[in-house]
Structure formats: structure tokens, C-alpha cells
Amino acid sequence: MTQETGGFAAFNLNPNILAAVIATGYEEPSAIQHQSIPIIMAGHDMIGQAQTGTGKTAAFALPILHRIDPAKREPQALILAPTRELALQVATAFETYAKQMPGVTVVAVYGGAPMGPQLKAIRNGAQIVVATPGRLCDHLRRDEKVLSTVNHLVLDEADEMLKLGFMDDLEVIFKALPPTRQTVLFSATLPQSIRAIAERHLRDPQHVKIQTKTQTVTAIEQAHLLVHADQKTSAVLSLLEVEDFDALIMFVRTKQATLDLASALEAKGYKAAALNGDIAQNQRERVIDSLKDGRLDIVVATDVAARGLDVPRITHVFNVDMPYDPESYVHRIGRTGRAGREGRALLLVTPRERRMLQVIERVTGQKVAEVRLPDAQAVLDARIKKLTNSLTPLVADAESTHGDLLDRLIADIGCSPRALAAALLRKATNGQALTLAAIERDRPLVPNSAPRERSSERSGDRPDRGDRERRAPVPLAEGRARCRTALGARDGIAAKNLLGAILNEGGLAREAIGRIQVRDSFSLVELPEVGLESLLAKLKDTRVAGKQLKLRRYRED
Ligand code: AMP
């Protein structure tokens, strides 16, 4: 065990859980984990104020796993998540941490998939149930006893659940659980509606909040780039092409990520190395010395391993994985801009982490501007510039050293000087794309940056603007179809109810759902044109506010 895992060892978690955490590559607990794990392990109710990116999933998953009894084959912990996407992520996290706990099984329960296998998995003794509220209520309607053995309840992203209209479903679920259970609530914000839930359903909860002091950051130009998690490496490679850097440090979360990214960079010809808690002290010092004297240009590090690293050559910090809290962000980017020099810090943000970005902006009191990936033309220009720079010093005397050889090759091959020069270039550039079309093909896909969170993000439970403002017919965005349901305001429907039901039952990403307009006797929803028929088929039996949704394509003419 390395010294750094001491952080997790101090919790006295079941050794099988600790072993899995170490195998996952976590070096030390994040701030929310430090505070929450002992409280949840001790069986207290808790309210945790934290958003995605802080490590909140492990903050509840590890102590909950510690508290369940693997020998009992019945549901013991229920985690409620607002969307199917989050439910799957949480279930996967539980599976990872329970990898070395024989007999522990996890089931994810969400809309848009058949109910039978889900119910069967619960009845077969899955100890951990991760569910979206709507689908869980459907199960309760079939079997009201299904949750009767649950001793631990976690509400994950409670504010999001309310925004998606799951309040009534939550009440049904609370009723179906034993009143003696432990309840843990995580939420990024604590509007009045969440406090009211806590008051009614939690017992003497302890509060955990990551204190965020205002931090100042000077002389560092900050930017962020929206990117899908699986496209991070290609995004980093594309950014490096156009960034003019001297030395650069990249931060990631796990040891494995330091190794993977460093080898991807090396493969592209960068002088890069990994720095993580498994690397022995003397080797670590060698890496830092190499970064100082230019034998290395890029170091990919975890927070722990980069502690105390002070290299004045560093001009850029890339936060490839989001830091857990604003303090650690400020700490990371402080690696550049040393000794009064200017530095540049870039943060990669996945769609789910946008909120963390807002917290960072609030705490640092600075806007972190959005940048786009360089377009194909910029990449091409940068590549040609590098090629020009590498050839320019050679032309002065290459003719005297290689001119005769050139003449001989032209004669032997029987080609023009231009054809030969082109062949040499192809060899020298080693298959690198040097046309616009070829570069375009390799470009990573990035998420849409325009709509942040569609429903009123900060308000907790204000109705979606679509309810009140968007009365005029609005032109459809390309690739979208308008659909209609006969449910409207008079049926007690708000935009958030439609959003929640369609997201989960349809299995869509949030960005895929366009404008929602709720009228008195009907509602209109914009959905992706591609796959619309199968989406409508999936939603065939969906109910919202107890009534059939019956969504149909809507033709305006
Ligand atoms: P969450 O805030 O729960 O969505 O977690 C964000 C990411 O951080 C996930 O990819 C986790 O696997 C990762 N993570 C959580 N805790 C740690 C830790 N202590 N060390 C490294 N990575 C972590």
C-alpha cells in the first residue's frame, strides 16, 4: 500500500472495499468524502451539499457498502437518482467498489427498459437498488412490499429530482420504506423545497458542506472547453497543436489516467511522463528535474503527486479531469504564472460538470471563458508552421550536404524534383494528416455549448420558462420534430414533468430534448427527428401525473 492510500485506510472501511478503492487508483479522499464517510458509516442521517465532480458518489457508496450485510439476499440500500444516465453511473460506481465483496449485487432500475428483469433482479436478492423515481413507483404499484427491507436511502441530486417533477413520486417512495431507515440527501443547492423534504423525512441530520472561501487568481488566463468524457484525449491532442507552450502540467484523477494520457502524448511525439503516488520518490524527483531542464515538456499528474511541484518553466496547466473543489482548482492553476510570468489554465468540462464550473467561477470571482477546439484550418496552419520551422534551418546548407544525392535519386527513380520532394515530405511527416479533409475526419466531437441547463437552474422549483413565456409559435431547430400530447396545464402538468418522464422513459440525454411548451389543454415537445418513431413507441405506455402521455408527431399545417 502506498503512503497516499493512508487517507482511505483511516476510515476503517471493510478491507474488501478499501482494496477495491485502491485498485481503482484513487490516492486520497476528496473533501466531501473526508467529511461524509465517517458520518454515514456511523449510521447518521446526513445532508450533503455537493455537485457532480466532487467525488460525491463514492462519499455515499463506500460507507453504504460498508453497512450492508452481504449475507442477506434482499434490498438493503436504495439510491434514487434523477435520470437514467446518473442511475447507471451510480450503479456502475457501486459495482466497482463492491468488486471484491462476494455476493453483493447491484440493480439499476430505470424507465425505457422492460420491468420484468428489474423486478426479478430485486427479488433475486440485489442488496443495492439504484433507481429513478418514476420507474420505481411503477414497481411499487405492482409490488408494494418491494422496498420493505431497505435500511439505507440516498437521494442523489435531490434538487434535480424536484426540477424534473418527481416530488410526488418521492413521497410515494418514502411511504414504502421502513421509517427506521438511514437517509442521506445530496444536493448541489438547498432551496426551500429540499429543506422541507429534509425536515419531514430525515432524522436529526448532520450537515456537510464544502466550505468555499473566495480565492484570488492573478496573472493566469483561464478558459474552459466542453467535451465528452470519452473524447478528452483527442481534445487534449488537438489543443496542444495550437497552444504555444513551454512546459505544461496536466491534472487527472487516477493513477491509471496519468499513465494512459502520458503514453498517448508520447505516442504523438511529445516529451511527456506520468507522475502519480505509486512512483517512488527518487523517480519522481527525476521527472521534475527533467521538466525543469527541458528533457520533458509535459507531466501528467494526480493532485497528490504534484504536491509541492514548482517549476518556473510551466506556462500552461490543463485540468483534464475536473478538480474536486475550487480550492484545488486554484491550487492546480497556481502551478503556472510563477514569478510574475503569465500563465494559461484550461479546464475540460463534461456536460454534467457545468455546475462545478459555475461554482469555480463564483469562488474565484472570475469568468472562465469558453473556448472551442481549434478548427481544421487552425490545426492545418499550426502543422504547416511546425514543418516550416523544422525545415527552415536546414535549407541553408542541406543542398551542399545532400544536393548530389538528390540529383542521383532523381536520375535513378526517373521522377521530377517536385515528385521526389513530395515523397520525402510524406516520409518525413509520417502519415500525419496535412489536408483539411483529413484533419476534419479526426476531429473529436464536442457537446453543444449553447443551452446550459434548460430548466431554471438556480431556482430549485420555479416552473420552466416554457410554461409562461414561449407563447408564439417558434421555428423548429434543424433535426428536431415537434410532438404533441393532450396533457396540459389543466391536467396539472408542468414542463418539468414532461422533461423528467421523457428523459427517463425515452432514455434520452438532456440535450436531446428541445423546447417544451405547456398550454392549457395540450403541450408541445421538441424531440430529435432521428429515431423519433422508436422513441414514440418506447413512450407508448408512459404516464405523467397519473395520465397516459400519448405523445404524437405534430404537424403544423
Ligand atoms: P462524482 O462527483 O461522484 O461524480 O465523481 C467524479 C469522478 O471522480 C468519478 O469519475 C470518480 O470515479 C472520481 N473519484 C471519486 N473519488 C475519487 C478519489 N478519491 N480519487 C480519485 N478519483 C475519484
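A helix crossing counts as right-handed if the near helix is turned clockwise from the far one by less than a right angle, and as left-handed if the turn is anticlockwise. The views below show a predicted model.

**View 1. Crossing of helices H16 and H17.** Helix H16 spans residues 376–413, and helix H17 spans residues 417–429. The two pack at an angle of about 125 degrees. Their axes lie 11 Å apart. Angles from 115 to 145 degrees fall in the oblique class, so H16 and H17 are oblique to each other. Their crossing is right-handed.

**View 2. Packing of helix H11 against H16.** H16 has a further partner here: helix H11, residues 232–242. The angle between H11 and H16 is about 55 degrees, and the axes are 8 Å apart. This pair is therefore oblique as well. The crossing of H11 and H16 is left-handed, whereas that of H16 and H17 is right-handed.

**View 3. Packing of helices H3 and H4.** H3 covers residues 31–41, and H4 covers residues 56–67. They pack at an angle of about 25 degrees, with 8 Å between their axes. Angles under 35 degrees count as roughly parallel, so H3 is roughly parallel to H4. The H3 and H4 crossing is right-handed.

**View 4. Residue shell around the ligand.** The ligand is surrounded by 13 residues. Tyr26, Gly53, Thr57, Arg253 and Tyr324 are the closest. Sorted by class, the shell holds 4 nonpolar, 6 polar and 3 charged residues. Thr57, one of the closest residues, falls within the residue range of H4.

**View 5. Polar backbone atoms beside the ligand.** Three protein residues are shown with their distances to the ligand. At Glu28, a polar backbone atom is 2.9 Å from a ligand nitrogen. At Gly55, a polar backbone atom is 2.7 Å from a ligand oxygen. At Lys56, the distance from a polar backbone atom to a ligand oxygen is 3.2 Å. The protein covers 79% of the 500 Å² of accessible area that the ligand has on its own. Lys56 is also where the residue range of H4 begins.

Technical notes. Residues are numbered from 1 along each chain as its sequence is written. This is a predicted model: local features need pLDDT of at least 70, side-chain atom pairs count only at pLDDT 80 or more; totals for chains, interfaces and linings use all residues. Side-chain values use heavy atoms; hydrogens and water are left out. A residue is near a molecule or strand if one of its heavy atoms lies within 4 Å of it. A polar contact is a pair of N or O atoms within 3.5 Å; within protein, one must be able to donate a hydrogen and the other to accept it, and residues adjacent in sequence count only if both atoms are side-chain atoms. Accessible areas come from the Shrake-Rupley method with a 1.4 Å probe; for residues, only the protein chains shown count as cover. Ala, Val, Leu, Ile, Met, Phe, Trp, Tyr, Cys and Pro count as nonpolar, Asp, Glu, Lys and Arg as charged, and the others, Gly among them, as polar. Axes are lines fitted to C-alpha atoms, for helices over the stretch in contact, and angles run from 0 to 180 degrees between N-to-C directions. Helices (H or I, at least four residues) and strands (E, at least two) are DSSP runs, numbered from the N terminus. Angles under 35 degrees count as roughly parallel, over 145 as roughly antiparallel, 65 to 115 as roughly perpendicular and the rest as oblique.
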